[in-house]
Structures are given as C-alpha cells and as structure tokens.
Amino acid sequence: MGLVTEVWDPDGLVYETQRFAAHIAARAPLSLAGAKRIMREIAWSHSPGAETQRELHELRVAALRSADHAEGRAAFVEKRAPKFGELL
C-alpha cells in the first residue's frame with residue numbers, strides 16, 4: 001500500500017533522520033518555504049478559503065517562475081547536482 005517505505009534499526013535512527021533532513025535542506029529554498037506553508041495550512045484548517053487558496057496558488061507560481069526552478073531543470077538535464085540560491 002505504500003504506507004511504510006523504510007524501517008530503521010533504533011541504533012541508526014539518528015543518522016537516518018539527519019541524512020533525511022540534509023536531503024530536504026538541499027532542495028530549493030523557495031519551494032521548501034511554499035511546501036511548509038501548504039502543510040501548515042492543511043494541518044490548521046479543514047477547508048482553506050478563497051483568499052488562502054489564491055495565496056497558495058501564488059506561492060506555486062512564484063516557485064515555477066524562480067531562478068531555482070530553472071536551475072533545477074538545467075541540473076536535471078545536465079545530470080548534475082543543482083546549485084540553488086538562498087531564500088531571503
């Protein structure tokens with residue numbers, strides 16, 4: 001069903017957690033900020049209103065228009081690790 005994708009030994013949990021956190025931290029800052037905002041909205045409300053939906057859509061559009069998005073696409077095509085900018 002895909003509910004569990006990995007199981008770790010308790011002794012390796014700290015290492016695997018740090019590895020996973022580093023993996024997430026290497027992603028594009030603007031995309032991470034948008035994903036965190038969307039997850040907070042889902043956790044806090046049952047049905048976001050029209051204004052919130054518009055704000056979330058604008059976050060997605062901004063990420064798609066960003067230099068980080070272009071860098072991610074270029075890195076994928078060139079088969080290299082992306083070099084993302086920092087979120088200000």
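**Exercise 1. Length and buried side of H3**

Compare the end-to-end reach of H3 with the span expected at 1.5 Å a residue, and state which residues of H3 are buried.

Solution. Step 1: the model is a predicted one. In it, H3 has 15 residues. Step 2: the distance from the first C-alpha of H3 to its last is 21 Å, close to the expected 21 Å. Step 3: Thr-52, Leu-56 and Ala-63 are the buried residues of H3. They lie on the same side of H3, because the arc they cover around the axis is only 35°.

**Exercise 2. The same treatment for H2**

Find the span of H2, its buried residues, and the exposed residues on the face turned away from them.

Solution. Step 1: H2 has 16 residues and should span 22 Å at 1.5 Å a residue; the end C-alpha atoms are 22 Å apart, so the two values agree. Step 2: the buried residues of H2 are Pro-29, Gly-34 and Glu-41. These cover an arc of only 135° around the axis, and therefore sit on the same side of H2. Step 3: on the face turned away from the buried side, the exposed residues are Met-39, Ile-42 and Ala-43.

**Exercise 3. A salt bridge between two helices**

Which residue forms a salt bridge with Glu-55, and how far apart are the closest N and O atoms? State also where the two partners lie.

Solution. Step 1: the partner of Glu-55 is Arg-37, with 3.1 Å between the closest N and O atoms. Step 2: the pair links distant parts of the chain, since Glu-55 is in helix H3 (residues 50-64) and Arg-37 in helix H2 (residues 29-44), 18 residues apart. Step 3: Glu-55 has a relative accessible area of 28% and is partly exposed. Arg-37, at 22%, is partly exposed too. Step 4: for the count, the structure holds eight salt bridges.

**Exercise 4. A salt bridge within H3**

Describe the salt bridge of Glu-51 and Arg-54, with its N to O distance, and relate it to the helical turn.

Solution. Step 1: the side chains of Glu-51 and Arg-54 meet at 2.4 Å, N to O. Step 2: the two residues are three apart in helix H3, so about one helical turn separates them. Step 3: Glu-51 has 44% relative accessibility, which makes it partly exposed. Arg-54 is partly exposed as well, with a relative accessible area of 38%.

**Exercise 5. The surroundings of Glu-71**

Is Glu-71 buried or exposed? Identify its salt-bridge partner and the backbone nitrogen that lies 2.9 Å from a polar atom of its side chain.

Solution. Step 1: Glu-71 is placed in helix H4 (residues 67-77). Step 2: the relative accessible area of Glu-71 is 17%; buried means under 20%, so Glu-71 is buried. Step 3: the salt bridge of Glu-71 is with Arg-80, the closest N and O atoms being 2.6 Å apart. Arg-80 is partly exposed, at 29% relative accessible area. Step 4: the backbone nitrogen in question belongs to Lys-83.

**Exercise 6. Glu-16 and its network**

Place Glu-16 in the structure, classify its accessibility, and list the residues linked with it by salt bridges.

Solution. Step 1: Glu-16 lies in helix H1. Step 2: its relative accessibility is 16%, so Glu-16 counts as buried. Step 3: a network of salt bridges links Glu-6, Glu-16 and Arg-19. Step 4: the side chains of Glu-16 and Arg-19 are joined by a polar contact of 2.8 Å.

**Exercise 7. A nonpolar patch and two distances**

Which residues make the nonpolar surface patch of about 370 Å²? Then give the C-alpha separations of Tyr-15 from Leu-30 and of Arg-73 from Ala-35.

Solution. Step 1: the patch is made by Leu-3, Val-4 and Val-7. Leu-3 is in the segment before helix H1 (13-25) and is exposed, at 71% relative accessible area. Step 2: Tyr-15 is in helix H1 and exposed, at 54%. Its C-alpha is 26 Å from that of Leu-30, with the two residues 15 apart in sequence. Step 3: Arg-73 lies in helix H4 and counts as exposed, at 56% relative accessibility. The C-alpha atoms of Arg-73 and Ala-35 are 18 Å apart, for residues 38 apart along the chain.

Notes: Residues are numbered from 1 along each chain as its sequence is written. This is a predicted model: local features need pLDDT of at least 70, side-chain atom pairs count only at pLDDT 80 or more; totals for chains, interfaces and linings use all residues. Side-chain values use heavy atoms; hydrogens and water are left out. Patches are made of residues with over 30% relative accessible area and no salt bridge: like charges are joined within 9 Å, nonpolar side chains (Val, Leu, Ile, Met, Phe, Trp, Tyr) within 5 Å. Accessible areas come from the Shrake-Rupley method with a 1.4 Å probe; for residues, only the protein chains shown count as cover. A salt bridge is a side-chain nitrogen of Lys or Arg within 4 Å of a carboxyl oxygen of Asp or Glu. Helices (H or I, at least four residues) and strands (E, at least two) are DSSP runs, numbered from the N terminus. Buried means under 20% relative accessible area, exposed over 50%, partly exposed in between (1.4 Å probe, protein chains only). A polar contact is a pair of N or O atoms within 3.5 Å; within protein, one must be able to donate a hydrogen and the other to accept it, and residues adjacent in sequence count only if both atoms are side-chain atoms. The expected span of a helix is 1.5 Å times one less than its number of residues. The arc is that of the directions from the helix axis to the C-beta atoms.
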